[in-house]
Amino acid sequence: MTDQRLRELFGELAETLPEGSSSAGELWHFHALAVFSELALTPSAHDGMLYGFEPAAPFPAGPA
Amino acid sequence: MRDSEAFEAFVAAWRPRLLRAAILISGDRHLAEDVLQEALIKLARRWSKVHTDPVNYVRTTLYRDVASRRRRRREFVYEEPPEQQDQDTSGESDLKLVFARALARLPVKQRAVLVLRFYEDLPVGEVAAILRVSPGTVKSQTHAALKRLREVAPELEEVLI
């Protein structure tokens, strides 16, 4: 079995296979792009923080 | 180019080929789509670290995930392309089916070695790096896979002299 013939067989077989998604929608794509959006929102992303927001200030105490 | 744009360009250029490689390794279109999507999301998360060689990061992830899922499910199901199920009975088409069915009889690791070497056309060293094994293991797995193909499909031997 020559290497070249194997390459040809794989190529011929691959041409019969789909190269696009059959699943409904492309939700993964939104997930993937959301990753970049999250990173863009995160000045400290590379320091391990998920979001760069300051912690919310506690509610002010109510009237005594 | 921003990271998200570079990622998009990578996906547009490589996804079709990676999907076909994943189908060849897994033998299951839906499983292949699942693992490729998960691999691309993982790639997005690690883009800043692996953007210099994203395709091999995805190949490694794909193989690992297919092998992991196959260990849980054991079986291999090759889906015959719809256009060939009823009408095309030419010798060439028969040979493709024989080849596909013979591939289905191989363990996942051997299929992965053959796909990476002969469909992706990668050198032994690169295949070894992707599969996280030694080059010697890639060579021995290739030898074992070809021997197995000849055993389960003598028809291939006649054509591939």
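This tour walks through the interface of chain A and chain B, then a salt bridge inside chain B. The model is predicted.

**Stop 1: the whole interface.** Select chain A and chain B together. On the chain B side, 44 residues are in contact with 29 residues of chain A. The two chains bury about 3,600 Å² between them. Carbon and sulfur atoms account for 71% of that area.

**Stop 2: polar links across it.** How many salt bridges are there between chain B and chain A? The count is one. Select A:Arg7 and B:Asp121 to see their side chains meet, 2.7 Å from N to O. Side chains of opposite charge can pair when their charged atoms come close. Three residue pairs, both members at pLDDT 80 or more, are in polar contact across the interface of chain B and chain A.

**Stop 3: the chain B side, by element.** Colour chain B by helix. The helices that each supply at least two residues of the side touching chain A include H1 (3–26), H2 (29–45), H6 (91–104), H7 (108–119) and H9 (135–152). H1(B) gives the largest share of that side, 11 residues. By class, the side of chain B that touches chain A holds 26 nonpolar, five polar and 13 charged residues.

**Stop 4: one helix pair.** Now isolate H1(A), residues 3–15, and H7(B). Their axes come within 9 Å and cross at roughly 100°. That crossing makes H1(A) roughly perpendicular to H7(B). From H1(A), pick A:Asp3, A:Leu6, A:Arg7, A:Phe10 and A:Ala14. They meet B:Leu114, B:Val115, B:Arg117, B:Phe118 and B:Tyr119 of H7(B). The residues of this contact divide into seven nonpolar, no polar and three charged. A:Arg7 belongs to this contact, and its side chain also forms the salt bridge with B:Asp121.

**Stop 5: inside chain B.** Over all chains, the salt bridges number 13. For one within chain B, select B:Glu120 and B:Arg17. Their closest N and O atoms are 2.8 Å apart. B:Glu120 sits in the loop between H7 and H8 (124–131) of chain B, and B:Arg17 in helix H1 of chain B, so the pair ties together parts 103 residues apart in sequence.

Note on methods
Residues are numbered from 1 along each chain as its sequence is written. Chains are lettered from A and ligands numbered from 1 in the order in which they are written. This is a predicted model: local features need pLDDT of at least 70, side-chain atom pairs count only at pLDDT 80 or more; totals for chains, interfaces and linings use all residues. Side-chain values use heavy atoms; hydrogens and water are left out. Contact means heavy atoms within 4.5 Å. Buried area is the accessible area (1.4 Å probe) that two parts lose on being put together, summed over both. A salt bridge is a side-chain nitrogen of Lys or Arg within 4 Å of a carboxyl oxygen of Asp or Glu. A polar contact is a pair of N or O atoms within 3.5 Å; within protein, one must be able to donate a hydrogen and the other to accept it, and residues adjacent in sequence count only if both atoms are side-chain atoms. Helices (H or I, at least four residues) and strands (E, at least two) are DSSP runs, numbered from the N terminus. Ala, Val, Leu, Ile, Met, Phe, Trp, Tyr, Cys and Pro count as nonpolar, Asp, Glu, Lys and Arg as charged, and the others, Gly among them, as polar. Axes are lines fitted to C-alpha atoms, for helices over the stretch in contact, and angles run from 0 to 180 degrees between N-to-C directions. Angles under 35 degrees count as roughly parallel, over 145 as roughly antiparallel, 65 to 115 as roughly perpendicular and the rest as oblique.
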